[in-house]
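Colleague: Could you walk me through this model and tell me what lies behind the labels you use?
Modeller: Gladly, ask away.

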Amino acid sequence: MKHRTDGTAGRAGVPGGGPAGTAEEPVAEIRKLRVEVGGRAIVDGVSLRALPGRVTALVGASGSGKTTTGLALLGEYPPGARVTGEVRPAADGPVGHIPQHPAAVLNPARRVRALLTDIARAQVRHLPRRRRRAAARERVLRALAEAQLPDAEALLRRYPHQLSGGQQQRVVLAQALLLGARVVVADEPTTGQDVLTKSRVVEQLAAVAARGIAVVLLSHDLDVVRALADEVIVMREGRVVESGPARRLWRAPRHAWTRELLAGREEFTQTAEVSGTGGPVLRVRGLTAHHRTGARGTTEVLRIPALDLRAGECLAVVGRSGSGKTTLARCLAGLHRDRRGEILLDGTPLPRSLRDRDRPQLAAVQYVFQDARAAFDEHRPVLHQIARTAVRLRGTGTAAATREALAALAGLGLPEDLVRRRPGRLSGGELQRAALARALLARPRVLVCDEITSGLDTLTRRGILDVLTALLHDRDDLSLVLITHDLDTAALAHRVAVLDAGELVEQGPARHVLTTPSHPFTRSLVASTTRPGGGNTCLNSRRDRGLGHHGRRTAPPAELWS
Amino acid sequence: MSGLRSLVARRLLLGAVQTVAVVLLVFALTEALPGDAAVALAGDQPDPARIAAIREAMHLDRPAHERLADWVTGLFHGDLGTSLTSGRPVGGYLAESFGPTLLLATLTLALLVPIGFGLGMLAARHEGRPADRLISSVTLAVYAVPEFALGMLLVTALALRPGGLPPTAVGYGTDLLGRPAVLVLPVLVLLSRPVCSLSRLVRAGLIDALASPYVAHARRYGVSGARVHCAHALPGALVPAVQQLARTLDWLLCGVVVVEALFVIPGLGTVLLDAVAERDVPVVQGLAVVFGVLTVLLHLGADLVAHRRAPRAGVAA
């Protein structure tokens, strides 16, 4: 079944001359895979070769069949699927899997060591019984060290929920390494992560590839694909649109769809001139917010001396995860009560808690959450839930509210037959539009958008950002607070406020802050983000900076790209 | 760890308050019942003068709050009071009848855990197949039969014929272990419903856990089927099962009135029934304290197990 194929052209060796240096034999291969569910092909005619030490990226919007292809490598298919074509999973070793949400594959009721020990135990059967335990333990510790998890002894005793998202991901990676996987399938490993975490994940996966393991990366995050991929396969609606060496594909995409996908990032760099001439709608004065830690103690997580939001203005609040962005948003919306200082809406202080705000105040500040699916009741049609806003907050009659909701939804590109369904039938992007419509139906003065585009693929994200731009343009009285870790999204705003560890380190016009940042933290944030529109040279520097920046340099050298 | 300790402290405090509330409620209810111990003692000769005399001798003519205060003062000295009808200390009275109840509860639990978990795991393993259907429908059917009905049925079928099992424990006193045959029917009846509810909970929890991504992940990485079931899927299913087990044990220890009455077993349930009939307030109150404390401790124990097994969920105090 093995096919010897010629090596990929134009590649200058593999790092370190390791085990991967000579082998060009794919460790796993898919040929002409077709997966059909209920008569509909979700993957059609996909071929893929996972080469040792190489990163093969499957790129495409959500629903393009990336995950189905990735799971096929693991020998798993959706229930009731009809599969044709040839899948040759790794013959001489199992396949590792790093799913999009690592927490889902970690047993919440068992300590971290449980599965690791079980995997290791199977490998030490040949040893005499009394030496097995020590040998298994040693293997587990080695795998954790290889996955760059320090303090492994303490970590093994913890439960998954006591780990950060990054640690969870590395534990799952350690399981794959312990297994001796020759192929690792990483499904959207960077979705919803901030820039610095992303570069750590990139570093991590590069290190895995450097060990001679074939990495199959499923992602819609072009930054990560750019930084890692040797081979890129662009997918759309279950079919391969284009594939080839990353460098060629990036420089000269042959297919229109690839060009569109790659162009996705360059849309929003042109900021509208500073409008927002009106007076401040929302003024924040001397705000400090606290989180409870343990029974009695509290820690201060946010300190904002002064921040204004003018009418018709879009203010982006940027920072890494854990910097207090969301806490600020929740303070504005009355969802975080443990705060001091004043939040003034048109000069009147807003009560701390949502419960103490009257209906006009509730309507004036509306919140759109990151996870749109969790923000809807899955058992009721979307339309009813949206119309309810007008009924509750503005006292509109049910019929009138439904008409208004339909108009608002149509304005955001959601047809009536779609919104009469339940949330489960809508895609993530569609639900996020619906959530926006729901907030807008309250006729808010201030719309708080908390990471509403992270977790969406490039094209869907572009659609949502288009909607936001149009909103700002059409409605003079509406002000936006855009919470984001993505500087390209922030570029959409008129003004940017930068948070670091709860402190407001810098604020000013977007163009000014993003191009000539004055605070060192902002500079590091801007530096670690790829500026769009760059060619190969930019990729080079990205590799240097993104990986070299954080000390441990384990990635393949940058010469690969030249 | 301090979180766990403060949880335990909070729960114990709350439990003490709950026990006090139960005692007060029980006292108020027994006061509200028509008649008192004097009326009950007077029996067939309800001569008002005689009743008044008995009442005075028992100090029942004093106001209710004084009697309660006396009893509470005694409680702080470890004295549960004296039975009105027999004149014996309540503490000794309860200790004596706790034996049979504890014996029944222990036996039932020792059989309940393996049978309940075994059936549940067996059904989950064969989900949707004949074995599962059989277990599920039989457990549902048995669960639907009340204890007294099942007890009567078993007595009729197994005891009321020559060479059958003894239908009641009359004549064996509190030494039930001396004649194990006496215990067969009561334990069978006590087991019937808890086995059904436990096995159904284990089945449901296990099926959920087996369908979870983390079990798929463990299987993918070559962990054997039995180990996946026991070490990776079962811990997730354990929490509701342990809570149910605590409820069952609570029910067993606090005197299963119906079963004890049916088989005439001199346990706490029988004592409770007699004490209420005789308006023996100190005994009823003593039982309320014992039941309250047992309930609080058992549920705290179950919550601690749950806390350990599903630490993320937290436990409401």
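Colleague: How many residues does each chain bring to the contact between A and B, and what makes two residues a contact?
Modeller: Chain A brings 21 residues and chain B brings 19 residues. Two residues are in contact if their C-beta atoms, placed from the backbone, lie within 7 Å. On the side of chain A that touches chain B, α2 (113–123) and α5 (165–179) each supply at least two residues, and α2(A) gives the most, with 5 residues. Helices here are DSSP runs of H or I with at least four residues, strands are runs of E with at least two, and both are numbered from the N terminus. Do bear in mind that this is a predicted model, where local features need pLDDT of at least 70, side-chain atom pairs count only at pLDDT 80 or more, and totals for chains, interfaces and linings use all residues. Residues are numbered from 1 along each chain as its sequence is written, while chains are lettered from A and ligands numbered from 1 in the order in which they are written.

Colleague: Why is A:Lys32 called exposed?
Modeller: Exposed means 12 or fewer other C-beta atoms within 10 Å, buried means 20 or more, and partly exposed is in between, with C-beta atoms placed from the backbone. A:Lys32 has 12 C-beta neighbours inside 10 Å, so it counts as exposed. This lysine lies in strand β1 (residues 28–37) of chain A.

Colleague: And why is A:Glu237 called partly exposed?
Modeller: A:Glu237 has 15 other C-beta atoms within 10 Å, so it is partly exposed. A:Glu237 sits in the loop between β8 (231–236) and β9 (239–245) of chain A.
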